[in-house]
Every structure is written in C-alpha cells, then in structure tokens.
Amino acid sequence: PDVESLDSRDTAARIRFYNEILERVRSLPGVEAASFADFVPSGGGRRQTTIGVENYTQRADEDMDVLNGVVASDYFKTMGMTLIAGREFTDQDKDGAARTVIVNEALARRYLSGQNALGKYLTIGGDTATTRFEIVGVVKDANAYIFQKDAEPFFYRPMMQERNPAMTLHVRSQGEPMALLPSLRNAVDALGQNVVLRDAQPLSEVLNESLLMLRVVSTLTALFGVLALSLALVGVFSVVNYSTSRRTREIGIRLALGARRADIMSMIMKEGLFIVGAGVVVGLLLAFASGRLISSLMFAGAGSDVLVYAVVALLQIGIAMLACFVPAYKATRVELTDALRHE
C-alpha cells in the first residue's frame, strides 16, 4: 500500500516515521518481512538518471541513463531477491554518512565486466556530478518491467539518504496478503499520526493489471489467427477436393486399363502431398522471416515459437491429405462405366 501523509513533514521526520512503521509492521504476526520502495515492480516510480562509473570510459554517443529507485532496509529480503555479493542497506546508510548504492548484475556486467563491483564508485547526475556513491552490494537481476526480455542495468539507493521520499510499503506475508490489511492499518493508526494507507493490493494483482492490455491484444491476435487458420484450412480442403474430384474420369480410364485401386489412391495422395508440402515449406520460410521481424518489435521471443509453426504445418498437411483422400476414395469405388461417363 502507499503511505499517504495528510500533513507536511521535513525529510528527517518523514524517514523516522517510515522506520517506525517498519518496526511495527515487522512485529505483526504473519509478516515475514517488510520494507519501503518508491516504485512497484512493473509499475510506476522508477526513474532514469545519468551515471558515471569508476574506471569506465563512455563510448561515443553511449547512453548512460540507468533506471534506479529508492528502497529501505530489508527490501531484497521482502521481494525475495537474491543478494549475490556485499550487503543490504542498513541503519548505517543514513543521512550524513558515506553515500551508497546497490547495483544489479546487469549494471555490473555492462560497466564493470571482469571486476569486483564492491567498493567501486558511481557518480549520479551527469558530467557535473561530484558526489560519489560506493557500491556496497550486487543483487540478482530482476526485470524492471515484467514484459522485458532481458534485465536492464538498475541501481538502488537507500531511503535514509534521500530527501523527502514518497514511499510504498511492501510486505511479505506467510498467508493471504489481504488478511493482513486490518493489522497494517491498526499499526499505522497506533502511531497517532495523520496518515492513511491507500491502494493496498497483492503484488499479483499489480502485475496482472500491468499485463491487462497486453493480454487483451494477445487474445484478439490469437482469435484472428485462429480465424485466419480456419479460413486457410477450409480453402485448402475445398481446392484440393475439387481438383481431385475432377479426376474421376481419369481414374476410370486407369481402372479400365488394369490399374489397381490401391495404386491409384497412393498416386493421388503422393501428388497431393507434394503440392501441399511445397506450399508448407514456402509458408514456413515466410513465417520464420516475418517472425523475426515481429520478435524485434515485441518481447520474450514473440514470433518465433517453433512448436506453433510445426503444429500449423502438420494441420495443413493433414487437412490437405483428407481433401485428397475423400474424393479419391469415392472415385475408386464407383462403377467403372459411371467413372468413364463422368464429366
């Protein structure tokens, strides 16, 4: 939930109040961990800031803007994120102390490849920045936006070193998250401050809301895809069926000359398979080419699902074979004289 203050507070008073909330919330039954952040995963609040990195030379025209956010102590524990080096923020990362940051793996790989990130320094704010921020931890990558294919460089700043931060309370519970809401409200109310909790909801709902439009678009795309596939299958069946049925007289002549019905059936099926197979091969090549274009415009490898291609190709071949088999079977079962008279 967001913590909304109904009066103005200076930075020190606000941070003290946040810490009091955390102390009370963490002591509640059913709470595993709690922290503050000024952003929500796959939601709003993150910002991009120009940085400089110790011993890193910026390439010509390289964009040094990096996503970042402000968090309180125990944030990574609360979010279930793995700290792979260094430490989390603690009470020692306070106003007046040495400035610190925690970076993700993507930032360490990009700007500090092959080096130990701990103890290195960032400058924040562009070429004119003079304050240095020591890297005290490296955390495992987590996508800033759920629909990103790869994690982007990201760094975290400690809440206690920021001026007048507006924060969102994050709570990790042992059971149903919303069951804790009354206890959370009571814990905040017990502090006797003119403050309310608003917009409280499980993280799963936040993620679902962020994906709502994408799900609508993907559902509509899937429906149109199924419609197009159905029309294509009906078209293939109709064309091949008509083409094969037009060969009834030819089949009668072959039977009159002594051809076996099984041989005629096999011939028609092979001819149909060759034609449809050639069309499927061309279609797959075009699908892969267009899929690469789609993948470059979307995320998570969209447009390159080999299984979907294989299923559609087999479905097309199956329908085409059925379209060949039905009229060929009928033609080989008619009386010879009727087949010869067929126009």
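This section describes the internal cavities, the salt bridges and several individual residues of a predicted model.

Two cavities of 30 Å³ or more were counted in the predicted structure. The largest cavity has a volume of about 70 Å³. Its lining is formed by Asn19, Val71, Ala72, Ser73, Phe89, Thr90, Asp91, Asp93, Pro158, Met159 and Met160. Sorted by class, this lining comprises six nonpolar, three polar and two charged residues.

Two of the residues that line the largest cavity, Val71 and Phe89, are also in contact with Arg157. Arg157 belongs to strand β9, which spans residues 154-158. With a relative accessible area of 13%, Arg157 falls under the 20% limit and is therefore classed as buried. Beyond its neighbours within four places in sequence, Arg157 contacts Arg47, Asn68, Gly69, Val70, Val71, Phe89, Thr100, Val101, Ile124 and Glu162. With Glu162, one of these residues, the contact includes a polar one between the two side chains, at 3.2 Å.

Side chains of opposite charge can pair when their charged atoms come close. The model contains nine salt bridges. One of them joins Asp74 to Arg26, with 3.8 Å between the closest N and O atoms. This pair connects distant parts of the chain, since Asp74 lies in the loop between β4 and α2 whereas Arg26 lies in helix α1 (residues 11-26), 48 residues apart. Both partners are partly exposed: Asp74 has a relative accessibility of 27%, and Arg26 has a relative accessible area of 30%.

A further salt bridge is formed by the side chains of Arg109 and Asp141, at an N to O distance of 2.9 Å. Here too the pair links distant parts of the chain, with Arg109 in helix α3 (residues 105-111) and Asp141 in the loop between β8 (132-139) and β9, 32 residues apart. Asp141 is partly exposed, at 23% relative accessibility.

Salt bridges with shared partners also join Arg59, Glu62 and Arg110 into one network. Within this group, the side chains of Arg59 and Glu62 meet at 3.7 Å, N to O. The two residues of this bridge fall into separate accessibility classes: Arg59 is exposed, at 53% relative accessibility, whereas Glu62 is buried, with a relative accessible area of 9%. Glu62 is placed in the loop between β3 and β4. Despite this loop position, Glu62 counts as buried because its 9% relative accessibility is under 20%. The side chain of Glu62 additionally makes a polar contact with the side chain of Tyr56, at 2.7 Å. When residues up to four places away in sequence are not counted, Glu62 touches Tyr56, Thr57, Arg110 and Tyr111.

The loop between β3 and β4 also holds Asp61 and Asn55. Most residues other than glycine have a negative phi. Asn55, although not a glycine, has a positive phi of about 65°. A positive phi of about 65° is likewise found at Asp61, which is not a glycine either. The flanking strands of this loop cover residues 47-53 for β3 and 65-71 for β4. Asn55 is exposed, with a relative accessible area of 62%, and Asp61 is exposed at 83% relative accessibility. In the same loop, by contrast, Glu62 is buried.

Thr82 was examined in another loop, the one between α2 (75-79) and β5 (83-86). With a relative accessible area of 44%, Thr82 is partly exposed, because this value is neither under 20% nor over 50%. The C-alpha atom of Thr82 is separated by 5.4 Å from that of Lys140, a residue 58 places away along the chain. Apart from residues up to four places away in sequence, Thr82 touches Val139 and Lys140. Of these two contacts, Val139 falls within strand β8 (132-139).

Technical notes. Residues numbered from 1 in each chain as written. Predicted model: local features only at pLDDT ≥ 70, side-chain atom pairs only at ≥ 80, totals over all residues. Heavy atoms only, no water. 1 Å grid on protein atoms, 1.4 Å probe; cavity = no way out; pocket = protein on both sides within 12 Å on 5 of 7 lines; lining within 4 Å. Points joined across faces, edges and corners; volume = space filled by probe spheres on them. Nonpolar A, V, L, I, M, F, W, Y, C, P; charged D, E, K, R; others polar. Helix = DSSP H or I, 4+ residues; strand = E, 2+ residues; numbered from the N terminus. Buried < 20%, exposed > 50% of the residue type's maximum accessible area, 1.4 Å probe, protein only. Contact = heavy atoms within 4.5 Å. Polar contact = N/O pair within 3.5 Å; in protein donor to acceptor, adjacent residues only side chain to side chain. Salt bridge = Lys/Arg side-chain N within 4 Å of Asp/Glu carboxyl O.
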